[in-house]
Amino acid sequence: MIPLMQTLDKDFRALTRAAFARYGFAYADLITQWPAIVGDHLAQWSEPVRIKWPRAGADERKQGGTLVIRAVPGRSLDLQHETPQIIDRINGFYGYSAIASVKIIQGTLSAKKAGHPAPPGLGPDQAKALEAQIEAVADPGLKEALRRLGTGILAHRSPQAK
């Protein structure tokens, strides 16, 4: 009998669980899904550092943690105003009250994030063709998501991107 293929997701989580738990991230999804949780606008100048959990028994689900967020200098006050929404989004993401408070520290973002280059643009013909393909989409959020996806795909195939 031929064994079935498995996704690496299950194995990756098992391998990284101890490392993420050491730094306060029992759930690596918070790091990897940060832009989806808080939105691209906040994610471009902030990043989660760790979660400080209150002392609890080993059998209890971790709740009421303090999320430590690093923000670029000058953006801490903006982030402070968004903390109730950030807490709601994270708790909604996890499905329970994982985070009770947020602590903001200032500093430079990780090198991986700060050094991420902007995707190359499209030529005028490609941009026009992409807009023609998505013009029938009525939902503005879906239309913008399709535009970003199409730009990313077409830009990497374009001879201008190389």
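This note sets out numbered remarks on the predicted model shown above.

1. **Confidence of the prediction.** Because the structure is a predicted model, its confidence values should be read first. The mean pLDDT of the chain is 78, and 68% of the residues reach 70 or more. Strand β3 (residues 99-106) has the highest confidence, at a mean of 94, whereas helix α7 (residues 111-114) has the lowest, at 54. Over residues 114-119 the pLDDT falls below 50, and this stretch makes one contact in the model beyond its near neighbours in sequence.

2. **Overall architecture.** The chain contains nine helices and three strands. Their order along the sequence is α-α-α-α-β-β-α-α-β-α-α-α. Of the contacts with a separation of 6 or more, 62% are between residues 24 or more positions apart.

3. **Burial and surface.** The chain has 162 residues, and 26% of them are buried. It exposes about 11300 Å², of which carbon and sulfur atoms supply 57%.

4. **Salt bridges in general.** Side chains of opposite charge can pair when their charged atoms come close. The model has four salt bridges. The next three points take up members of this group.

5. **The pair E47 and R70.** A salt bridge joins the side chains of E47 and R70, with a distance of 2.7 Å from N to O. This pair links distant parts of the chain: E47 belongs to strand β1 (residues 46-52) and R70 to strand β2 (residues 65-71), 23 residues apart. How do the two partners stand with regard to burial? E47 counts as buried because its relative accessible area is 8%, under the cut-off of 20%. R70 has a relative accessible area of 23%, and therefore counts as partly exposed.

6. **Further surroundings of E47.** The side chain of E47 also has a polar atom 3.0 Å from the backbone nitrogen of S110. In addition, the C-alpha atoms of E47 and L109 are separated by 7.0 Å, although these residues are 62 positions apart along the chain. Both remarks concern a residue of strand β1.

7. **The pairs around R75 and E131.** D78 and R75 form a salt bridge whose closest N and O atoms are 3.2 Å apart. D78 is partly exposed, with a relative accessible area of 34%, and R75 is likewise partly exposed, at 30%. Another salt bridge brings together the side chains of E131 and R147, at 2.6 Å from N to O. Here too the pair links distant parts of the chain, with E131 in helix α8 (residues 124-134) and R147 in helix α9 (residues 140-157), 16 residues apart. E131 has a relative accessible area of 32% and is partly exposed; R147, at 24%, is also partly exposed. A network of salt bridges links E131, E144 and R147.

8. **Residue N91.** N91 lies in helix α6 (residues 83-94). Is N91 buried or exposed? With a relative accessible area of 14%, which is under 20%, N91 is buried. A polar atom of the N91 side chain is 2.8 Å from the backbone nitrogen of I99. Leaving aside residues up to four places away in sequence, N91 touches Y96, S97, A98 and I99.

9. **Residue S76.** S76 is found in helix α5 (residues 76-81). Its relative accessible area is 14%, so S76 counts as buried. Which residues does S76 touch, not counting those up to four places away in sequence? They are A71, I104 and Q106.

10. **A nonpolar surface patch.** L142, L146, L149 and I153 form a nonpolar patch on the surface, and together they have about 320 Å² of accessible area. One of them, L146, is located in helix α9. L146 is partly exposed, with a relative accessible area of 30%.

11. **Closing remark.** A student may usefully begin with the pair E47 and R70, in which a buried residue and a partly exposed residue meet in a salt bridge. The stretch of residues 114-119 should be read alongside its pLDDT, which is below 50.

Definitions and conventions: Residues are numbered from 1 along each chain as its sequence is written. This is a predicted model: local features need pLDDT of at least 70, side-chain atom pairs count only at pLDDT 80 or more; totals for chains, interfaces and linings use all residues. Side-chain values use heavy atoms; hydrogens and water are left out. Helices (H or I, at least four residues) and strands (E, at least two) are DSSP runs, numbered from the N terminus. Buried means under 20% relative accessible area, exposed over 50%, partly exposed in between (1.4 Å probe, protein chains only). A polar contact is a pair of N or O atoms within 3.5 Å; within protein, one must be able to donate a hydrogen and the other to accept it, and residues adjacent in sequence count only if both atoms are side-chain atoms. Contact means heavy atoms within 4.5 Å. pLDDT is the predictor's confidence in each residue, from 0 to 100. Accessible areas come from the Shrake-Rupley method with a 1.4 Å probe; for residues, only the protein chains shown count as cover. Patches are made of residues with over 30% relative accessible area and no salt bridge: like charges are joined within 9 Å, nonpolar side chains (Val, Leu, Ile, Met, Phe, Trp, Tyr) within 5 Å.
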